[in-house]
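User: Please take a close look at the helical part of this model, centred on the nonpolar core, and then relate that part to the rest of the chain. I would like one connected account, with the cut-offs behind each term.

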Amino acid sequence: MWPLVAALLLASACCGSAQLLFNKTKSVEFTFCNETVVIPCFVTNVEAENINEMYVKWKFKGKDIYTFDGVVNKSGNHPDFKSARIEVSELLKGDASLKMAKSEAVLGNYTCEVTELSREGETIIELKYRVVPWFSPKENILIVIFPIFAILLFWGQFGIKTLKYKSSHMDEKTIAVLVAGLAITVIIIVGAILFVPGEYSVKNSTGLGLIVTSTGLLILLHYYVFKTTLGITSSIIAILVIQLLTYVLAVVGLSLCISACIPMHGPLLISGLVIFALVQLLGLVYMKFVASNQKTIQPPRKAVEEPLNAFKESKGMMNDE
């Protein structure tokens, strides 16, 4: 009996533990932002010095999905897991982690089996999916609320123009602005509906793009309302320039957010939209302040002079006759 014990002790001393040991991981998660899913499998007591001493097998629900045979230095994949692979160069370091495309990752328990000559072992890892919101709930609210606030302020400006700027008829430009305002309102509402809370998706990014793009069109309508009511003054130019700069800020934030699954530059986008709406509010207050000092906002000087000159010319023609 003693010779047998001595032989076992000698084998253990020469070859290490008869069982491969693993760094246990119960579960691993992946999100929509992961292009590649990695399921960890780390052996802590690998002693092999050559890759031909290693054999790795990954299983899912009892079926082999990936194998690597070091003797022939060849791997094999199941048809449903064509992208599955391991980093063979890391195998002698104990890393047999499985990598695969997100599209092929199936939720459930995966078994990693590693064989090193006469030693072997296995570990089971559960693959889970975690939903990560594109923006936080607070950011979602701010992104939707301030463009809607800006369009409401525009309608307030348009209302002042309609009530205070007396005209015998509504010209084509005013009708065009009215239609454009209605179209922008609809686009912002549609964008807000598409931009629902949730993880990054084409629908969410499309909704965000509609919101920001349509909000920028308000600058042109804002310019027209000012031009046809108060005329273009230095104060109005300053308001429009500030609004344009803040919109550029929002567009930069939009491009950075859409290009990234996790929007690190969300505050930049929100800042642009918030300041844009506040400048829109400043324009409304400015119009209201000027309108309160006049019973009726007079049309721009050019709009008055043209009909007056036409009247004088017609009167002169009548006198000549």
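Analyst: Leu208 touches Trp134, Phe135, Ile143, Phe195, Leu254 and Leu269, leaving aside residues up to four places away in sequence, where a contact means heavy atoms within 4.5 Å. The model is a predicted one, in which local features need pLDDT of at least 70 and side-chain atom pairs count only at pLDDT 80 or more, while totals for chains, interfaces and linings use all residues. Residues are numbered from 1 along each chain as its sequence is written, and side-chain values use heavy atoms, with hydrogens and water left out.

Leu208 and Leu269 are the residues with the most contacts inside the largest nonpolar core, which has 43 residues. Such a core is a set of buried Ala, Val, Leu, Ile, Met, Phe, Trp, Tyr and Cys residues joined through side-chain atoms within 4.5 Å; buried stands for under 20% relative accessible area, exposed for over 50%, and partly exposed for what lies in between, with a 1.4 Å probe and protein chains only. At least two residues of this core come from each of α2 (137-164), α3 (172-194), α4 (202-216), α5 (218-229), α6 (234-258) and α7 (266-292). Helices (H or I, at least four residues) and strands (E, at least two) are DSSP runs, numbered from the N terminus. Apart from this core lies another, of 31 residues, among them Phe22, Val28, Tyr110 and Ile125.

Among the buried residues of α4 are Leu208 itself, Ile211 and Val212, and also Asn204, Ser205, Gly207 and Gly209. The 15 residues of α4 should span 21 Å at 1.5 Å a residue, and its end C-alpha atoms are indeed 21 Å apart; the expected span is taken as 1.5 Å times one less than the number of residues. The same test on α3, with 23 residues, gives an expected 33 Å, in agreement with end C-alpha atoms 33 Å apart. In α3 the buried residues include Thr174, Val177, Gly181, Ile184 and Ile188. An α-helix has 3.6 residues a turn, so residues three or four places apart point the same way.

α5 is mostly covered, with 9 of its 12 residues buried, and Ile219, Leu221, His222, Tyr224 and Phe226 are among them. Its 12 residues should span 16 Å at 1.5 Å a residue, which agrees with end C-alpha atoms 16 Å apart. Just after α5, Gly231 takes a positive phi of about 80 degrees.

Two of the α5 residues, Ile219 and His222, are touched by Gln243, which also touches Phe276, Val279 and Gln280, not counting residues up to four places away in sequence. Gln243 is found in helix α6 and is buried, with a relative accessible area of 0%. The C-alpha atoms of Gln243 and Phe276 are separated by 5.5 Å, although these residues are 33 apart along the chain.

Beyond the helical part, an open sheet of 6 strands runs in the order β1-β8-β7-β3-β4-β5, with mixed pairing, two strands being paired if DSSP finds at least two bridges between them. β1 (27-30) and β5 are its edge strands, each pairing on one side only. Within the sheet, β3 (residues 54-60) is joined to β7 by 7 bridges in an antiparallel arrangement, and β3 and β4 pair in the antiparallel sense over 6 bridges. Lys59 has Thr111 as its bridge partner in β7 and stands opposite Asp64 in β4. In the hairpin of β3 and β4, with 2 residues between the strands, Lys61 takes a positive phi near 55 degrees. The hairpin of β4 and β5 has 4 residues between its strands, and Asn73 in the turn has a positive phi of about 50 degrees; at 51% relative accessibility, Asn73 counts as exposed. Leu117, in the loop between β7 (108-116) and β8 (119-129), likewise has a positive phi, near 55 degrees, and counts as exposed at 61% relative accessibility.

For the protein chain as a whole, there are 8 helices and 8 strands, and 37% of the 321 residues count as buried. Among contacts between residues at least 6 apart in sequence, 66% join residues at least 24 apart.
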